[in-house]
Each structure stands twice: as structure tokens, then as C-alpha cells.
Amino acid sequence: MQAILLVGGQGTRLRPLTLTTPKPMLPVAGVPFVTHQLARLAAAGFDHVVLATSYRAEVFAAHFGDGASLGLRLSYVVETEPLGTGGAIRNAAAALDGGDDPVVVQNGDVLSGHDLAAQVATHESTGAVATLHLVTVEDARAYGCVPTDAAGRVLAFHEKMPNPVSRQINAGCYVLDRAVVDAIPAGTVVSVERETFPALLAGGAPVVGVVDDSYWLDVGTPAAYVQAGVDIVTGVVASPAYRPNGTDVLVDPTATVDPSASVVGGTALGPGVEVGAGAVVAASVVQHGVRIGAGAVVTRSAIGAGAVVGPGCVLADAVVADGASLG
Ligand code: GDD
Ligand code: MG
């Protein structure tokens, strides 16, 4: 089967980190985030994945190449102007292999442990034209609110509703019939959430939801981005792109940590990072070349490449730009 990965968003909530690196390429547990999604697709038996890029498009192919190292065949399509989620799907479809098989579409910022094969099987057994992975959250306002009936049929799709009618939301992974993809108008901005799904429902087409409450996280905010790395490194969620090392931290072999420092709680230190005497780095993502001074305390933070955290600095829930110098 083939998949389209939507990786063209601007990642505005993760600025300034996303000014230099697109959100799907930010490091999570030692590799660009999207590596975890690609490895999951490979493990689920997918062979061809089309990356739908726009913002900072060039960095994806530069890193992943033809995908052989992941056991995948990767294609890249670029939107010169972002076409929205629906327009991106339509644009990416041109790079799919031919045939009538349904296609899987995934948001490029979701870490999920759900059973993709079961979702595809449901699509086939129900005869739906679109099958959506759904999860339950406490506050549905930031998501697509997707109520279903007792049989799992989707009743409505309300993107970012101020007063959600349900706590059940769109988890950002769809199985779509090729006819659904082909019906999206080409070369224009379309939102799959605000236009395509509501139009299918208005036309009475069968759209089915698959509720799977295994691990799920949208890494679009700084707190969630940091949490994703911590959860993989501490084993809360398994990723085929992360090999557990018997500890609850990931320290690149080229990083240097003073023996009196403590690096704990799911922290990942990138290449060349230096951590000074007595410093504490907990539950944080530290990109390559960062220097953390003696006695600094860094908690639940994301530190951009080459930044310097001065001696004694105390950072909690912080996002530090690439190359910044603190303290
Ligand atoms: N190629 C391309 N072009 N990709 C895009 C574009 C575009 O114009 N716009 C967004 N994307 C990609 C983003 O890179 C991201 O991977 C994905 O599409 C979703 O965009 P977000 O900006 O992260 O959307 P969201 O998190 O507010 O909401 C979406 O995800 C929620 C679940 O995490 C929606 O699909 C919601 O319905 C859903 O609940
Ligand atoms: Mg998102």
C-alpha cells in the first residue's frame, strides 16, 4: 500500500525552532520526527510514501533521499504555495503509483501507536469511502471534532469548534478511496477537514471512524514536541526508529557530560553537546552543538542547535532558538 505524508505546514507554534527546521524534521529521540512515522509505515508493510512538502521543502529529500535506508521508496512533491491539507493530498496523488487501491494519508506531526492495519481492514470491510482514525481527548477545541453513531459511521466533521459536540477527534490518519482523492480540485487551496470531509458527509457518502485509544500525540506545541521525545526515550511508546538502550536517556556518542552533571528523565542530547559540572538536564530535547554551562538546570525544554545556556541558568518549559546565547 501507499501513503501520503503531509509535511508542508509552517509549524508556527514551534517557532523559533521551525524558522530553521520544519516541524517534521525537528529531532525527536535522536532522529527527525517524521522518521518515526516513516519507520512505522515500513513496519506496517507500506512500500511507497509520498511526502507532500511546501515549507522548507528541500530539507526532506536532502535527509531521506530515496528512502532505501528505511526500507521504503520515497517520492517528494512540492507545493510552491501551500495548498492546504486537501490540496496537498490532491497534488501528492500525482506521484502515487497507478491503480485503484485506497491510499493512507497521515498528518506529519502525529505520534501514534494505533493499529494501521486494522484501520485499513475496517475501510475494506465497511465499504466506506473514507475511514478516519479517531481518538478521545479532554479538550477537543484544537482539533477536528468527529462524532460517530453506534456503528462507527461519522455523523459530522467540525474543524476547531469553539464548543465541541463530542470529545472524539480526528487523529490525522485517513484511508481514502482513490476516487475521493481524485475528486479534490487540483491546483487550488483545499482543506480536507473543512471542505472535503463535510462535503462527503453532506452528500451521504459512507465515512467511518475507527476509535483507537492507544498512544496518540500531536507534536504541534512546544510542550507536546518535548513530550514526544521523552515518551519514546522512556519507553512510554515504542518506535521502530528507536532502539532502547537500557537507560531512560539518549546521549549521542559525541556528546560530553561532566561526571557530576545529571541527564535524566527522557532527555535526548544531540551530537557534540557539552554539559558542564553539576548541571541538570531533565526531560528535554537538546539539539546538536549546544553547550550547557556548569550548574545550569534545564527542565522540559527544547534547546535549538548551537545554543549556549550559560552557567547557573535555570530553564523550565523553555524553547531556545538555534544559536541563542543565554546567561
Ligand atoms: N503539504 C502541506 N501543505 N502540508 C500541510 C499544509 C499545506 O498547505 N498545511 C498543513 N499541512 C500539514 C502539516 O505539516 C501537518 O503535518 C498536517 O498537515 C496538519 O496540519 P496542522 O497545522 O498540524 O493541523 P492541526 O494540528 O491544527 O489540525 C489537524 O490535525 C489534528 C490532529 O493532530 C487537523 O487534521 C485536525 O482535524 C486534527 O484533529
Ligand atoms: Mg498538528
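This report walks through strands, salt bridges, surface charge and a few unusual backbone spots in a predicted model.

Residues are numbered from 1 along each chain as its sequence is written, and chains are lettered from A and ligands numbered from 1 in the order in which they are written. Because the model is predicted, local features need pLDDT of at least 70 and side-chain atom pairs count only at pLDDT 80 or more, while totals for chains, interfaces and linings use all residues; side-chain values use heavy atoms, with hydrogens and water left out.

**Strand β1 and its neighbours**

Let's start at β1, which covers residues 2-6. Strands here are DSSP runs of E with at least two residues, and helices are runs of H or I with at least four, numbered from the N terminus. Is β1 buried or exposed? Five of its five residues are buried, so the strand is largely enclosed by the rest of the structure. "Buried" means under 20% relative accessible area, "exposed" means over 50%, and "partly exposed" is in between (1.4 Å probe, protein chains only). Both faces of β1 are covered, with Q2, I4 and L6 on one side and A3 and L5 on the other.

Two strands count as paired if DSSP finds at least two bridges between them. Strand β1 runs parallel to β4 (residues 48-53), and five bridges join the two; here L6 sits opposite A52. Strand β1 also runs parallel to β6, this time with four bridges, and L5 faces Q106 in that strand.

**An open five-stranded sheet**

Further along the chain, five strands make up an open sheet with parallel pairing, in the order β15-β18-β21-β24-β27. Its edges are β15 (256-257) and β27 (325-326), each of which pairs on one side only. In general, strands of a sheet pair through backbone hydrogen bonds, either parallel or antiparallel. At the β15 edge, two bridges link that strand to β18 (residues 274-275), and the two run parallel. If you want a residue pair to look for, V257 has V275 in β18 as its bridge partner.

**Salt bridges**

As a rule, side chains of opposite charge can pair when their charged atoms come close. A salt bridge is counted when a side-chain nitrogen of Lys or Arg lies within 4 Å of a carboxyl oxygen of Asp or Glu. How many salt bridges does that rule give? The count comes to seven, and the table lists some of them.

| Acidic residue | Basic residue | Closest N and O atoms |
|---|---|---|
| D109 | K23 | 2.9 Å |
| D139 | R141 | 2.7 Å |
| D317 | R300 | 2.8 Å |

Take D109 and K23, whose closest N and O atoms are 2.9 Å apart. D109 is in the loop between β6 and β7 (110-112) and K23 in the loop between α1 (17-20) and β2 (27-28), so the pair ties together parts that are 86 residues apart in sequence. Both D109 and K23 are buried.

In the R141 and D139 pair, R141 counts as partly exposed at 48% relative accessibility, and D139 counts as partly exposed at 36%.

Then there is the salt bridge of D317 with R300. D317 lies in the loop between β25 (314-316) and β26 (319-320), and R300 in the loop between β22 (297-299) and β23 (302-303), so this pair ties together parts that are 17 residues apart in sequence. D317 is exposed, with a relative accessible area of 51%, whereas R300 is partly exposed at 43%.

**A negative patch**

On the surface, D100, D101, E124 and D182 gather in a patch of negative charge. For such a patch, residues need over 30% relative accessible area and no salt bridge, and like charges are joined within 9 Å. Asp and Glu count as negative, Lys and Arg as positive, and His and the chain ends are not counted. One of the patch members, D101, sits in the loop between α4 (84-93) and β6 (103-107). D101 is exposed, with a relative accessible area of 55%.

**Backbone oddities**

A few backbone angles deserve a look. The peptide bond from R15 to P16 is cis, with omega near 5°, and P16 lies in the loop between β1 and α1.

R300 turns up again here: it has a positive phi of about 45° although it is not a glycine. K160 also has a positive phi, near 45°, and is a residue other than glycine. K160 is in the loop between β10 (158-159) and β11 (168-176), and at 44% relative accessibility it counts as partly exposed.

Methods: Patch = residues over 30% accessible without salt bridge, like charges linked within 9 Å, V, L, I, M, F, W, Y side chains within 5 Å. Areas by Shrake-Rupley, 256 points an atom, 1.4 Å probe, with all protein chains shown as cover. Charge placed at Lys NZ, Arg CZ, Asp CG, Glu CD.
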